[in-house]
Amino acid sequence: MDFCPKCNARLNADDKFSAKCSKCNANLEEFYASDEKRYHSTLLENTVAKAVKICGIIIIIVGTILSIVIACQKDKYGDLDFSFVRFITSEAISVISGIFFIGFSEVIQLLEDIKNKTK
């Protein structure tokens with residue numbers, strides 16, 4: 001919070017530390033508490049960001065399992081053959097895709113926070 005919610009004066013470092021506005025002597029602790037509650041409530045309510053993050057985690061987990069399945073194939077004699085190149089290739093694709101989804105969920109969360117701060 002850079003401005004006093006009561007008189008709209010710019011708050012300096014001393015005002016923020018003492019939680020009192022130097023212009024109007026307003027107690028800023030109650031305003032800080034309401035901002036904190038609003039911030040935490042948006043973290044709990046942003047279901048789109050949570051859903052996208054969960055999808056990213058699922059992509060990584062399922063991708064890892066499928067990478068192992070893809071890498072373990074039977075050769076012409078019926079023995080299991082583990083191909084490290086196939087494993088790394090498919091694992092890299094799944095991890096990068098999952099991280100992309102998780103990063104996108106963070107962007108959604110940050111945009112939600114920016115939207116709530118401008119209200």
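**Helices, salt bridges and a nonpolar patch in a predicted model**

Phe3, with a relative accessible area of 43%, counts as partly exposed. This residue is found in the segment before α1, the helix that covers residues 13-18, and the description that follows, like this value, refers to a predicted model. When residues up to four places away in sequence are not counted, Phe3 touches Asn8, Ala9, Arg10 and Leu11. The C-alpha atom of Phe3 is separated by 10.0 Å from that of Asp15, a residue 12 positions apart from Phe3 along the chain.

The chain as a whole contains four helices and two strands, and from the N terminus on these elements follow the order α-α-α-β-β-α. Of the 119 residues in the chain, 23% are buried. The exposed area of the chain comes to about 8700 Å², of which carbon and sulfur atoms supply 66%. Among the contacts with a separation of 6 or more, 45% are between residues that lie 24 or more positions apart.

The largest nonpolar core consists of six residues, namely Cys4, Leu11, Ala19, Cys21, Ala26 and Leu28. In soluble globular proteins, nonpolar side chains tend to be buried together. Within this core, Leu28 is in contact with Cys4, Leu11, Ala19 and Cys21, and its further contacts are with Pro5, Asp15 and Lys20, residues up to four places away in sequence being left out. Lys20, one of these partners, lies in the loop between α1 and α2, the latter helix covering residues 29-45. At a relative accessibility of 42%, Lys20 is classed as partly exposed. Apart from its neighbours within four places in sequence, Lys20 is in contact with Asp15, Asn25, Ala26 and Leu28. Lys20 and Cys4, which are 16 residues apart in sequence, have their C-alpha atoms 8.9 Å apart in space.

Helix α3 was examined next. Its 25 residues should span 36 Å at 1.5 Å a residue, and the C-alpha atoms at its ends are 36 Å apart, so the expected and the computed values agree. The buried residues of this helix are Ala49, Val52, Gly56, Gly63, Ser67 and Ala71, and what covers them includes the strands β1 (72-74) and β2 (80-82) as well as helix α4. An example of a residue in α4 with partners elsewhere in the chain is Ser94, which touches Ile59, Ile60, Gly63, Thr64 and Ser67 when neighbours within four places in sequence are left aside. Gly63 and Ser67, two of these partners, are among the buried residues of α3. Ser94 is itself buried, because its relative accessible area of 8% falls under the 20% limit for that class.

Nonpolar side chains also appear at the surface, where Ile54, Ile57, Ile58, Ile61, Val62, Ile65, Leu66, Val69 and Ile70 make a nonpolar patch of about 790 Å². One of the patch residues, Val62, lies in helix α3, and with a relative accessibility of 41% Val62 counts as partly exposed.

Charged pairs were considered last. Side chains of opposite charge can pair when their charged atoms come close, and a search of the whole structure finds two salt bridges. In one, Lys53 pairs with Glu106, the closest N and O atoms being 3.9 Å apart. Because Lys53 lies in helix α3 (residues 47-71) and Glu106 in helix α4 (residues 84-117), this pair ties together parts of the chain that are 53 residues apart in sequence. Lys53 is partly exposed, at a relative accessible area of 36%, and Glu106 falls into the partly exposed class with a value of 40%.

In the other salt bridge, the side chains of Lys115 and Glu112 meet with an N to O distance of 4.0 Å. Here the partners both lie in helix α4, three residues apart, which corresponds to about one turn of the helix. Lys115 is partly exposed, with a relative accessible area of 42%, while Glu112, at 23% relative accessibility, is likewise counted as partly exposed.

Notes
Residues are numbered from 1 along each chain as its sequence is written. This is a predicted model: local features need pLDDT of at least 70, side-chain atom pairs count only at pLDDT 80 or more; totals for chains, interfaces and linings use all residues. Side-chain values use heavy atoms; hydrogens and water are left out. A nonpolar core is a set of buried Ala, Val, Leu, Ile, Met, Phe, Trp, Tyr and Cys residues joined through side-chain atoms within 4.5 Å. Buried means under 20% relative accessible area, exposed over 50%, partly exposed in between (1.4 Å probe, protein chains only). Contact means heavy atoms within 4.5 Å. Accessible areas come from the Shrake-Rupley method with a 1.4 Å probe; for residues, only the protein chains shown count as cover. Patches are made of residues with over 30% relative accessible area and no salt bridge: like charges are joined within 9 Å, nonpolar side chains (Val, Leu, Ile, Met, Phe, Trp, Tyr) within 5 Å. The expected span of a helix is 1.5 Å times one less than its number of residues.
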